[in-house]
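Let's take a walk through this one together. Have the viewer open and follow along as we go.

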Amino acid sequence: MTNEERLAIEAFAREIRIHTIRAIGTLGVGHIGGAMSIVEVLAVLYSKHLRHDPKNPAWRERDRLVLSKGHAGPALYSALALRGFFPLDWLLTLNQGGTRLPSHCDRTKTPGIDMTTGSLGQGLSAACGIAYGNRLDGLESYTYAIIGDGESDEGQNWEAAMFASHKKLDHLIAFTDYNKMQIDGYTQDILDLGDIEGKWRGFGWRVLRLDGHNVEALDSAISLAKTTRGQPVMIIMDTVKGKGCSFAEGNLGNHNMNVTKEQMEVALAALAGEGREGK
Amino acid sequence: MRTVFINTLIETGKKDDRIVLIDADLGKAGATASFAQTFPERHINVGVAEANMIGVAAGLASVGKIPVAQTFGCFASRRVFDQFFISVAYAHLPVKLVGTDPGISAAFNGGTHMPFEDLGTMRLIPDLTIVEPSDPVSLAGLLPEVLAQQKPAYIRLYRKPLPVLYSEGEPFQIGKCKVLRQGGPNSVLLIALGGIMVQEALEAAKILEAQGISVTVIDVLTLKPIDAEGLLSAMKNARAVISCENHQIHGALGSAVAELMAEYRIYKPFGRIGIRDEFGQVGTEQWLKEHFKLDSRSIVEAATGLLQK
């Protein structure tokens, strides 16, 4: 990745953060923590890996993304709007009656959303079905899925994990957003994921691990995942819940939190400052 | 019935390569081997993992397939209700879920496997199609209609053989009931759902006719959307109405009929044959039918009781 490319993706990530914080901050409440922790992977996917056409969201040959942790929808909505799937001003309709941008992803409402999610633990199975169906049709399209670490408590993920490796779904690339927090506390205190790499490896997946906020590392890992044959790939992203949002980062209560206008302005100003400094 | 089901699926599958059959380690019970042999790539066995089965089906549907997911009715409803509700129905994906061994037909598998509530729970899902064919001809007729609909469906399937009720070529339509036996004016109206209950209703009709009581028997076939027009028109000419279902009387057919009668002001004697707030248990189908008062004798008693009131 060239320096220029890296800076462009980081700038895109910053834009996703800004629009997401503004959408949630304008509403006054939302799932800020888990939205912030997946910003970089969204930026990398929509910058250079996930094949998409904003003018034709139903393009059959496109790559697909299942955001299984559907409550992080606002971050994905920002990425989609910035990519041109729908106007940016839709973002400020988040969760308002009649909106096309509900708190949790809904494939029937939002252009660019490939699967309805929100009841945790179900997305990876759907991603398996998509990958299997694409293979039936002889397509080379990739299916990406993002699951949460708290969400990994749900047993259905592990049914899907066995299925994907049994069926050798090598065009399925999943990410675990390992931000170490869930609603009621730290994942290690609520239900420890233990050897998370070993678990996925034991289920027959190729496992990669990286800093989920490092766009270069994400780019390399996704490139490597795409060349993998005969097994699905799990990319475990070490992330920070609330990353890059001054009032949320490191706050254990950031899963779904109230946001004041002042908090929003401070966070947006900090991000704008970073942008000016070219960080 | 399972042979008719799988043969119809194979025939439809030959014309439409979007059809994919998914089992959850009950392929032997469903006799799906012939489909798997005909279309090896389009048959998936997910193992004993019903939740994943529904999610995989949803994913397949989202890329244009018509997935048919099959398991026992107890698992198809109780075990994966949220997966079916969210990943399939709420997502508007045309997955066809088949729940076999309805109600007392679970017989020796007993209470754990005996779905008396699958239709009630499914009926609460908005815009879901729910059918329960009553004989081989109605199954072969309705299944292609259900597969052709661009929406999700629940097919309640009795696996064992059932007597033929309809002539070959009889047309079937989702949302339309059939009058199997037309009584005279002012007859007792038996509204039955599913093979077991339609057979019992027909048997009860014979007994009642022998006692000089005229009986009309309706085969409901589609629980949702219920054929309000067909049922109301029959109700208007009836002197008493009885719903007959191999299911709790709450939530499914008995409730649907009661709602229609109340909303359309059909104030006539009304009774419900079905399970009365009980769990299932082991036994032969015949023993269970008598135990839970689903048999023709119980229908006759209910009818004569209503007429004496």
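How many residues does the contact take from chain B and from chain A? It takes 21 residues from chain B and 22 residues from chain A. Keep in mind that this is a predicted model. On the chain B side, the elements that give two or more residues to the surface touching chain A are helix H4 (50–62) and helix H6 (81–90). H4(B) gives the most to that side, with nine residues.

Now pull back and look at chain B by itself. You'll find 13 helices and 12 strands there. Its radius of gyration is 19 Å, close to the 19 Å that the globule rule gives for 309 residues, so chain B is as compact as a globular protein of that length. Along the principal axes, the C-alpha atoms of chain B fill a box of roughly 60 × 35 × 35 Å. Of the 309 residues in the chain, 55% count as buried. Take the contacts in chain B with a separation of 6 or more: residues 24 or more positions apart account for 79% of them.

Next, the domains. Chain B is divided into domain 1 (2–157) and domain 2 (178–308), and 26 Å separate the centres of the two, taken over C-alpha atoms. The contact between them takes 26 residues from domain 1 of chain B and 28 residues from domain 2 of chain B. If you want to see what domain 1 brings to it, look at helix H7 (118–123), strand S5 (129–131) and helix H8 (136–148) of chain B, the elements that give two or more residues to the side touching domain 2.

What about the nonpolar core? The largest one has 185 residues, and the members that touch the most others are A:Leu42, A:Cys128, B:Ala57, B:Leu190, B:Ile191, B:Ala192 and B:Ala201. This core draws at least three residues from each of domain 1 and domain 2 of chain B. B:Ala192 is a good one to click on. Leaving aside its neighbours within four places in sequence, B:Ala192 is in contact with B:Met197, B:Val198, B:Ala201, B:Val217, B:Ile218, B:Asp219, B:Val220 and B:Cys244.

Staying in chain B, go to helix H11 (residues 253–263). Its buried residues are B:Leu253, B:Gly254, B:Ala256 and B:Val257. Seen down the axis of H11(B), these fall within an arc of 165°, so they line one face of the helix. Turn to the other side of H11(B) and you meet B:Glu259, B:Ala262 and B:Glu263, which are exposed. The cover over the buried residues of H11(B) includes strand S8 (187–192), strand S10 (222–224), helix H10 (228–236), strand S11 (238–248) and strand S12 (270–275) of chain B. Just past the helix, H11(B) is followed by B:Arg265, whose phi is positive, near 55°.

For a look at the start of chain B, find B:Ile10 in helix H1 (residues 2–15). B:Ile10 has 17 other C-beta atoms within 10 Å, so it counts as partly exposed. Apart from neighbours within four places in sequence, B:Ile10 is in contact with B:Ser34, B:Phe35 and B:Thr38. B:Leu21 is 11 residues away from B:Ile10 in sequence and 9.8 Å away in space, C-alpha to C-alpha.

Finally, hop over to chain A and its helix H9 (residues 215–227). This helix has 13 residues and reaches 19 Å from its first C-alpha to its last, close to the 18 Å expected at 1.5 Å a residue. Which residues of H9(A) are buried? They are A:Val215, A:Ala217, A:Leu218, A:Asp219, A:Ala221, A:Ile222 and A:Ala225. Covering them are elements of chain A including helix H1 (3–27), helix H3 (39–49), strand S4 (172–178), strand S7 (206–211) and strand S8 (233–238).

A:Thr227 also has its place in helix H9 of chain A. Why does A:Thr227 count as exposed? Because A:Thr227 has 8 C-beta neighbours inside 10 Å, and a residue is exposed at 12 or fewer. Another stop in chain A is A:Ala269, found in helix H10 (residues 261–277). With 11 C-beta neighbours inside 10 Å, A:Ala269 counts as exposed.

Definitions and conventions:
Residues are numbered from 1 along each chain as its sequence is written. Chains are lettered from A and ligands numbered from 1 in the order in which they are written. This is a predicted model: local features need pLDDT of at least 70, side-chain atom pairs count only at pLDDT 80 or more; totals for chains, interfaces and linings use all residues. Helices (H or I, at least four residues) and strands (E, at least two) are DSSP runs, numbered from the N terminus. The radius of gyration is taken over C-alpha atoms; the globule rule is 2.2 Å times the number of residues to the power 0.38. A residue is buried if 20 or more other C-beta atoms lie within 10 Å of its own, exposed if 12 or fewer, and partly exposed in between; C-beta atoms are placed from the backbone. Two residues are in contact if their C-beta atoms, placed from the backbone, lie within 7 Å. The arc is that of the directions from the helix axis to the C-beta atoms. A nonpolar core is a set of buried Ala, Val, Leu, Ile, Met, Phe, Trp, Tyr and Cys residues joined through C-beta atoms within 7 Å. Domain bounds come from an automatic or database domain assignment. The expected span of a helix is 1.5 Å times one less than its number of residues.
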